[in-house]
Amino acid sequence: MIKFAFGLDKKALATSTLGVGHLKPRAQPLALLLLLVFALLANSVASNPAPKVPELETLAKKIETKIEERVIPGAVIMASINGETVFEQVMGVQDIDTDKPITKKTLFRLYSMSKPITSVAIMILAEQGKLKLTDPVAKYIPEFATTEVYAQGELGNIKTVSVERHMTIRDLLTHSSGITYHFTGNTPVHQYYRKHGVKRYTPVGSSPNDGEAAKDLTELVQRIAKAPLLVQPGDTFAYSYSTTVLGYVIEQVTDKRLDAYLQEAIFTPLGMKDTGFFVEGKDLKRFMTNYQMTSNGLKAIETQKNTDYKDRNRLLDGGGALAGTARDYLRFASMLANGGSLDGVRLLQPRSVYRMLYPEVELSGQADSAGTFFGLGFAVGNNITQKSGMSPTGMYGWGGSANTNFWIDPDTRLAYVVMTQVITPPGFEKSLGVRELSTQYVAKLRQRLQASN
């Protein structure tokens, strides 16, 4: 039976409606007694430094070697247990040319690590009864009522068939909607995406011959709905713009812009002060340069000067356009590891977190993905993913195109985040080794925590 540290097993989750407890204040507190207690607590904190985490200390040294070898410019790794930060290491520079050091406040492009945030926002709305995971997407975006599925033919002569069943919100969460990305293959459907600009502007997978990218979220979603689906909606995983569409669903349900709703529902409650779709003004000075690995080493492809993050009209893509600090993302990950709450603030009930982490569809089309599964916004780690270096056994998480990664373990309430900014195109996927090293040593940490429980 699956059981998490926040006290729910599979059977209990089917019926539980747990809430948040309340602490009763002491009656008639004595000022002198309080002063004594505060003094004792201060002395206790001073004499009890944060526990050492030898697994992550070794990991940090391995990553420092990667920095010295110029494999990556720099990185931040952080971890928490029970919502308390137990490890934080800042290494290297945020720009190679200027040698400006990375700090705790350095901002990173999250890319696909935006997806879990948008997925949590959908689950918040589901808990509030504002949508159901079984709802047809066409209920919120009528254009999807007529979307069809690719059957045969080359680009320019594509034949389609009707959907066997309508695409649902659950299909979008699991990337089993039939939608795809313009850069994940070269089928006639992928070619259609590129030719007709079914994409947002991004350095990932873009070509000079592509059609003009969509200017805003509404235009992109309309183009997606008009495009043929790669496969029938259902149980086939195809990594995609599905989470982008979820962002548009959020706008339709809440009647708010996506950035405003994420700020209200997630960022402000969790104290994620540095996460959002825009990086402007003085904040640009702490925005890490984005690099791409090439046969000649690291090449800067996006800097503070040419980034679109300072454009207030940029497309609000909940599937890949957020930026933030490692500290902010650790707070988000810690909330999930703690069953939906952090520092007394509850975003989700434990049963909703469990629902998100439950394996739904088998991954396909991802490197080393055979035999691994995806939930509602997260990949599920197992022995196969640990052996391949994708993610530790028994942990849940996802990564971003610039080699950022996070994992959580609700059993030990462990959360881990690693941030760098290097895109690895085909042929260079494992050239950095940061994810593989993280998998190895975070797995060892989890094993130690499990043994001590």
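**Close-up views of a predicted model**

**Figure 1. Helix α10 in its surroundings.** Helix α10 is largely enclosed by the rest of the structure, because 11 of its 12 residues are buried. In this predicted model, the buried positions of α10 are A326, D328, Y329, L330, R331, F332, A333, S334, M335, L336 and A337, a list in which charged residues such as D328 and R331 stand beside nonpolar ones such as L330 and F332. The helix covers residues 326–337 and reaches 16 Å from its first C-alpha to its last, close to the 16 Å expected at 1.5 Å a residue. Just after α10, G339 takes a positive phi of about 85°.

**Figure 2. The nonpolar cores.** The largest nonpolar core contains 89 residues, and those touching the most other members are I117, F144, I169, I179, I266 and F332. Helix α10 gives the most to this core, contributing 8 residues. A second, separate core has 31 residues, among them I96, L437, Y441 and L449. For the chain as a whole, 54% of the 453 residues count as buried.

**Figure 3. Contacts around I179.** I179 is one of the residues that touch the most other members of the largest nonpolar core. When its neighbours within four places in sequence are left aside, I179 is in contact with F144, M167, L172, Y193, I224, L229, A238, S240, Y241, S242 and V245. One of these partners, F144, is itself listed among the core residues that touch the most other members, and the contacts of I179 with F144, M167 and L229 involve residues that also line the second largest cavity.

**Figure 4. The second largest cavity.** This cavity has a volume of about 70 Å³, and its lining is made up of V137, A138, F144, A145, T147, V163, H166, M167 and L229. By class, the lining residues divide into 7 nonpolar, 2 polar and no charged. Two of the lining residues, V163 and L229, are also in contact with V149.

**Figure 5. V149 in strand β5.** V149 is found in strand β5, which covers residues 149–152, and it counts as buried because its relative accessibility is 3%, under the 20% limit. Leaving aside neighbours within four places in sequence, V149 is in contact with K159, T160, V161, S162, V163, L229, V231, Q232 and P233. The C-alpha atoms of V149 and K159 are separated by 8.5 Å, with the two residues 10 apart along the chain.

**Figure 6. The largest cavity.** The structure holds 3 cavities of 30 Å³ or more, and the largest of them has a volume of about 110 Å³. Its lining consists of 14 residues, of which Y181, F183, R200, T202 and G320 are the closest to its centre. In contrast to the second largest cavity, whose lining has no charged residues, the lining of the largest cavity has 5 nonpolar, 6 polar and 3 charged residues.

**Figure 7. The second largest pocket.** About 290 Å³ of space lies in the second largest pocket, and of the 16 residues that line this pocket, D274, T275, G276, F277 and F278 are the closest to its centre. Helix α9, residues 258–270, supplies the largest share of the lining, with 3 residues. The lining divides by class into 6 nonpolar, 3 polar and 7 charged residues.

**Figure 8. Two residues with positive phi.** Most residues other than glycine have a negative phi. R70, which is not a glycine, has a positive phi near 60°, and its place is in the loop between α3 (54–68) and β1 (74–81). H175, also not a glycine, has a positive phi of about 55° and lies in the loop between α5 (169–174) and α6 (188–195). At 1% relative accessibility, H175 counts as buried, because the limit for that class is under 20%.

**Figure 9. V86 in strand β2.** V86 lies in strand β2, residues 84–95, and is buried, with a relative accessible area of 13%. The C-alpha atoms of V86 and L56 are separated by 9.9 Å, although the two residues are 30 apart along the chain. In the protein chain, which has 13 helices and 18 strands, residues 24 or more positions apart account for 66% of the contacts with a separation of 6 or more.

Definitions and conventions
Residues are numbered from 1 along each chain as its sequence is written. This is a predicted model: local features need pLDDT of at least 70, side-chain atom pairs count only at pLDDT 80 or more; totals for chains, interfaces and linings use all residues. Side-chain values use heavy atoms; hydrogens and water are left out. Helices (H or I, at least four residues) and strands (E, at least two) are DSSP runs, numbered from the N terminus. Buried means under 20% relative accessible area, exposed over 50%, partly exposed in between (1.4 Å probe, protein chains only). The expected span of a helix is 1.5 Å times one less than its number of residues. Contact means heavy atoms within 4.5 Å. On a 1 Å grid over the protein atoms alone, a cavity is a set of points where a 1.4 Å probe fits but cannot get out, and a pocket is an open set with protein on both sides within 12 Å along at least five of seven lines; lining residues have an atom within 4 Å of a point. Grid points are joined across faces, edges and corners, and a volume is the space filled by probe spheres set on the points. A nonpolar core is a set of buried Ala, Val, Leu, Ile, Met, Phe, Trp, Tyr and Cys residues joined through side-chain atoms within 4.5 Å.
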